[in-house]
Amino acid sequence: MVRLILVLGDQLSHDLTALRAAEPGDVVVMAEVADEAGYVQHHPKKIALVFSAMRHFAEELREAGRDLLYTRSDDPGNAGSIMSELIRRAEETGAGEVIATRPGEWRLIAALEDGPLKVTLLPDDRFVCSLEEFDAWAEGRKELRMEWFYREMRRKTGLMMDGDKPAGGKWNYDHDNRKRAEPDMFRAKPMQFTPDDITQEVLDVVEARFGDNFGELHPFWFGVTRRQALRALDHFVKYSLPGFGDVQDAMLRDDRFLNHSLLSIYLNLGLLGPLEVCERVEKAWQAGGVPINAAEGFIRQIIGWREFVRGVYFREGPDYAQRNALNHQRKLPALYWGGETNMACLRAAVDQTREEAYAHHIQRLMVTGNFALLAGVNPAEVHEWYLAVYADAFEWVEAPNTVGMSQFADGGVVGSKPYVSSGNYINKMSDYCVGCSHDVKARTGPKACPFNPLYWHFLNRHRDRFAKNPRMANIYRTWERMKAVEQSRILKEAEAILDRLSTEEVV
Ligand SMILES: Cc1cc2nc3c(=O)[nH]c(=O)nc-3n(C[C@H](O)[C@H](O)[C@H](O)COP(=O)(O)OP(=O)(O)OC[C@H]3O[C@@H](n4cnc5c(N)ncnc54)[C@H](O)[C@@H]3O)c2cc1C
Ligand code: SF4
């Protein structure tokens with residue numbers, strides 16, 4: 001009997017388990033459906049990226065001789081959801097079973113498991129660490145820390161290893177990766193691609209159907225095929241990787257990408273695999289031109305953080321994205337959707353997000369994420385924003401980064417302490433504060449940088465939870481040393497900022 005082989009928009013890998021399981025006579029099903037494009041208000045660039053990459057992948061499957069049924073978003077018969085498309089295709093073909101690779105989101109797993117069709121879910125083995133392996137590693141540990149997991153992955157893959165010791169003698173060169181960046185007109189930009197006819201057609205559809213979503217569709221220059229993703233990888237390794245480590249945490253107003261790779265979009269769609277990317281980076285380091293802090297720092301993000309957050313997402317279960325350990329309830333301020341703000345750092349991060357569907361890690365963590373956490377925004381709203389606005393956002397990787405790392409809403413599963421800072425950190429790592437109408441050095445007063453009073457307000461309101469954390473003891477000592485009158489002035493000014501956020505006044 002015919003079986004349907006489901007390929008989702010972030011499963012565009014020819015070695016996908018579902019495709020490997022296909023037998024002659026089976027039919028591959030791909031569908032651009034309203035449910036997936038609309039369960040959050042995705043950035044138009046993200047929708048175009050996924051649809052165009054799907055159409056290109058479908059072409060490759062056809063060329064490889066696969067039987068394929070592809071539904072476009074504007075096809076009149078489009079049934080609107082993955083499950084209803086499968087039902088329609090099962091009726092058309094007489095198929096009695098669906099073979100799928102396990103989706104990267106609890107919502108879709110439930111939709112497939114609870115539907116009326118017989119569905120076999122195969123593991124997604126496009127990762128270095130299987131979910132069973134992660135669970136075995138996590139089992140019995142009091143807390144899960146990325147660094148220990150990462151060392152296991154280094155041993156497992158042999159990447160940058162000297163026998164059983166880390167190359168260079170240290171596991172982690174993060175200390176060397178916290179420098180400021182200077183503007184450099186010769187710094188390479190990420191590889192850009194001209195839209196072909198398939199992409200152009202997708203852009204027209206997205207413009208017509210999703211043009212009102214937050215985000216600018218044009219210019220669109222993401223790669224949409226594996227071949228292009230490989231070129232982007234080559235380009236990154238050659239031009240940006242050597243300086244990647246040094247400026248990994250830096251932010252510059254006029255340089256949105258610095259030395260970052262932008263490879264997350266290709267990795268998360270399945271156009272590149274994590275091991276091949278890391279092996280390419282290791283090879284460049286072995287050949288000479290790449291410093292160890294750059295290669296190690298990059299490889300850690302992929303076999304460390306990326307694999308770690310996936311393990312956490314699936315281990316923690318379907319309620320993970322709804323957690324709210326700090327009981328934060330504020331509405332997401334309008335400035336996140338482009339509303340007016342006097343804060344130069346937030347304006348830059350949001351403008352960039354609207355134009356590029358991209359921000360690098362420190363912009364996500366220490367600007368937009370930090371402010372939402374200090375302001376006590378409901379983490380579910382923060383989660384929805386990140387899931388919508390970034391081209392690389394898929395729940396298995398976005399939720400643990402947002403709900404866990406950035407908002408501490410999982411109570412400390414991903415991180416041992418909240419990532420909060422005053423304006424001082426942003427000033428140290430960026431040039432945003434130059435020319436901001438707020439004064440980053442002022443803790444109180446009409447010009448004070450809002451991060452400053454909000455930072456102390458956050459620490460004060462969550463004292464019971466964090467004061468005993470050894471990594472935060474020094475900060476609390478600084479707070480205790482302040483005069484009571486200074487403390488109360490700070491808290492009062494923080495309250496005034498929070499009130500202004502509530503009444504949607506410009507901050
Ligand atoms: C609040 C918040 C939300 C985030 N949401 C996403 C998301 O939806 N999708 C996503 O892929 N990443 C997310 N990240 C992680 C990280 O910011 C992005 O992976 C990175 O910015 C992608 O840009 P890049 O490819 O230029 O990364 P680079 O700086 O070049 O890093 C190389 C690669 O390492 C991986 N990586 C780096 N950090 C992480 C991390 N913390 N978790 C997982 N992988 C990582 C990515 O695959 C990335 O391509 C989020 C981080 C935060 C703080
Ligand atoms: S002064 Fe404060 S608000 Fe302004 S850019 Fe610096 S950190 Fe951001």
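A salt bridge is a side-chain nitrogen of Lys or Arg within 4 Å of a carboxyl oxygen of Asp or Glu. In this predicted model, Glu 85, Arg 88, Arg 89 and Glu 92 are linked in a network of such salt bridges. The structure holds 39 salt bridges, and some of them are taken up again below, after the sheet and its helices.

Strands of a sheet pair through backbone hydrogen bonds, either parallel or antiparallel. Here five strands form an open sheet in the order β3-β2-β1-β4-β5, and the pairing is parallel. The edges are taken by β3 (68-71) and β5 (119-122); each has a single partner strand, so one side of each is left without a neighbour in the sheet. From one strand to the next, the twist averages 25°. At the β5 edge, strand β4 (residues 97-101) runs parallel to β5 and is joined to it by four bridges. Within this pair, Thr 101 stands opposite Leu 122 in β5.

Helices pack against the strands. Helix α4 (residues 82-93) touches β1 (3-6), β2, β3, β4 and β5, and its direction makes about 135° with that of β3. Helix α3 (residues 44-63) lies across β2 (27-31) and β3, running at about 160° to β3.

Side chains of opposite charge can pair when their charged atoms come close. One such pair involves helix α3: Glu 32 and Arg 55 meet in a salt bridge, with 2.7 Å from N to O. Glu 32 is in the loop between β2 and α2 (34-38), while Arg 55 is in helix α3, 23 residues apart, and the pair links distant parts of the chain. Are these two residues buried or exposed? Glu 32 counts as buried because its relative accessibility is 0%, and Arg 55, at 5%, is buried as well; the cut-off for buried is under 20%.

A second pair is Glu 139 and Arg 315, whose closest N and O atoms are 3.4 Å apart. Glu 139 lies in the loop between α6 (131-138) and α7 (146-157) and Arg 315 in helix α12 (residues 292-316), so the pair ties together parts that are 176 residues apart in sequence. Glu 139 counts as exposed at 56% relative accessibility, whereas Arg 315 is partly exposed at 29%.

A third pair joins two helices. Asp 234 forms a salt bridge with Arg 280, the closest N and O atoms being 2.8 Å apart. Because Asp 234 lies in helix α9 (residues 226-244) and Arg 280 in helix α11 (residues 274-286), this pair ties together parts 46 residues apart in sequence. Asp 234 is partly exposed at 37% relative accessibility, and Arg 280 is partly exposed at 29%.

Note on methods. Residues numbered from 1 in each chain as written. Chains lettered and ligands numbered in written order. Predicted model: local features only at pLDDT ≥ 70, side-chain atom pairs only at ≥ 80, totals over all residues. Heavy atoms only, no water. Pairing = 2+ DSSP bridges. Helix = DSSP H or I, 4+ residues; strand = E, 2+ residues; numbered from the N terminus. Axes fitted to C-alpha atoms, helices over the stretch in contact; angles between N-to-C directions. Contact = heavy atoms within 4.5 Å. Buried < 20%, exposed > 50% of the residue type's maximum accessible area, 1.4 Å probe, protein only.
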